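Please walk me through this protein chain step by step, in language that a first-year student can follow, and explain how its charged residues are placed and paired.

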Amino acid sequence: CPILPGGSYYYIFNASLAGTFWYHSHTGNQRTKGVYGAFIIRERPNFMTEATARLGGLLGAQNVTVIDTPAEHTAVLLEWPFNGGQTKSGLINGRGFAPGTPPNSARLTVFHVEPGNEVNRYYRFRLVGAQSESLYRFSILEHKLIIIGTDGY
């Protein structure tokens with residue numbers, strides 16, 4: 001049942017699986033109007049230490065540092081429909097513009113990272129595919145991406 005404007009609702013549950021999930025509305029077109037977001041359940045405290053060691057072994061590198069800051073490195077991907085619902089562009093964290101139209105007043109989403117240079121520094125990005133009818137191919141120019149989990153697992 002919908003939550004009325006100005007209202008609230010609390011869910012209380014025990015989170016048994018850590019990972020990146022997402023929430024969204026099932027009422028009308030609220031999801032496409034912004035009622036969605038990332039829902040992150042953090043791992044146990046020693047998980048990143050173990051994951052960093054495994055990554056270093058996989059890459060044959062020592063002194064690996066993994067930056068895990070969900071507030072700074074989470075991207076929610078959503079299509080931007082125009083003219084009867086045909087997708088013309090995609091949004092990252094609610095920001096973007098359609099080809100052939102002037103950019104909207106919002107800036108594009110920018111993620112800040114420090115260059116690794118001689119340091120084995122890696123950033124953990126969390127991607128949420130909130131789109132309903134579009135497929136995205138995600139890449140970062142001149143960077144190799146390593147998938148460490150999917151669909152919250």
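In this predicted model, Asp68 counts as buried because its relative accessible area is 13%, and the cut-off for that word is under 20%. Asp68 forms a salt bridge with Arg124, in which the closest N and O atoms are 3.3 Å apart. This pair links distant parts of the chain, since Asp68 sits in the loop between β3 (65-67) and β4 (74-82), while Arg124 belongs to the loop between β6 and β7, and the two are 56 residues apart.

Arg124 deserves a slower look. Its place in the chain is the loop that runs between β6 (121-123) and β7 (126-129), and with a relative accessible area of 12% Arg124 falls under the 20% limit and is therefore called buried. Which side chains does the side chain of Arg124 meet in polar contacts? One is the side chain of Glu43, at 2.8 Å, and another is the side chain of Asp68, at 3.3 Å. If residues up to four places away in sequence are left aside, Arg124 touches Glu43, Phe47, Met48, Val66, Ile67, Asp68, His73 and Ile148.

Asp68 has a further partner, for Arg126 also forms a salt bridge with Asp68, with the closest N and O atoms 3.3 Å apart. Here too the pair links distant parts of the chain, with Arg126 in strand β7 and Asp68 in the loop between β3 and β4, 58 residues apart. Is Arg126 buried or exposed? Arg126 is buried, because its relative accessible area is 3%. Salt bridges that share partners join Arg42, Glu43, Asp68, Arg124 and Arg126 into one network.

A search of the whole structure finds five salt bridges, and among them is one between Glu50 and Arg44, whose closest N and O atoms lie 2.8 Å apart. Neither partner of this bridge counts as buried: Glu50 is partly exposed because its relative accessibility is 31%, and Arg44 is likewise partly exposed because its relative accessibility is 49%. Both values fall in the range between the 20% limit for buried and the 50% limit for exposed.

From these pairs we can step back to the chain as a whole. The protein has one helix and seven strands, and when the elements are read from the N terminus on, they run β-β-α-β-β-β-β-β. Of the 153 residues of the protein, 24% count as buried, and Asp68, with its 13%, and Arg126, with its 3%, are among the buried residues. When contacts with a separation of 6 or more are considered, residues 24 or more positions apart account for 53% of them.

The last stop on this walk is a pocket. The second largest pocket has a volume of about 730 Å³, and of the 16 residues that line this pocket, the closest to its centre are Ile3, Tyr11, Tyr23, His24 and Ser25. How many nonpolar, polar and charged residues does the lining of the second largest pocket have? By class, its lining has eleven nonpolar residues, five polar residues and no charged residues.

Key. Residues numbered from 1 in each chain as written. Predicted model: local features only at pLDDT ≥ 70, side-chain atom pairs only at ≥ 80, totals over all residues. Heavy atoms only, no water. Helix = DSSP H or I, 4+ residues; strand = E, 2+ residues; numbered from the N terminus. Polar contact = N/O pair within 3.5 Å; in protein donor to acceptor, adjacent residues only side chain to side chain. Contact = heavy atoms within 4.5 Å. 1 Å grid on protein atoms, 1.4 Å probe; cavity = no way out; pocket = protein on both sides within 12 Å on 5 of 7 lines; lining within 4 Å. Points joined across faces, edges and corners; volume = space filled by probe spheres on them. Nonpolar A, V, L, I, M, F, W, Y, C, P; charged D, E, K, R; others polar. Salt bridge = Lys/Arg side-chain N within 4 Å of Asp/Glu carboxyl O. Buried < 20%, exposed > 50% of the residue type's maximum accessible area, 1.4 Å probe, protein only.
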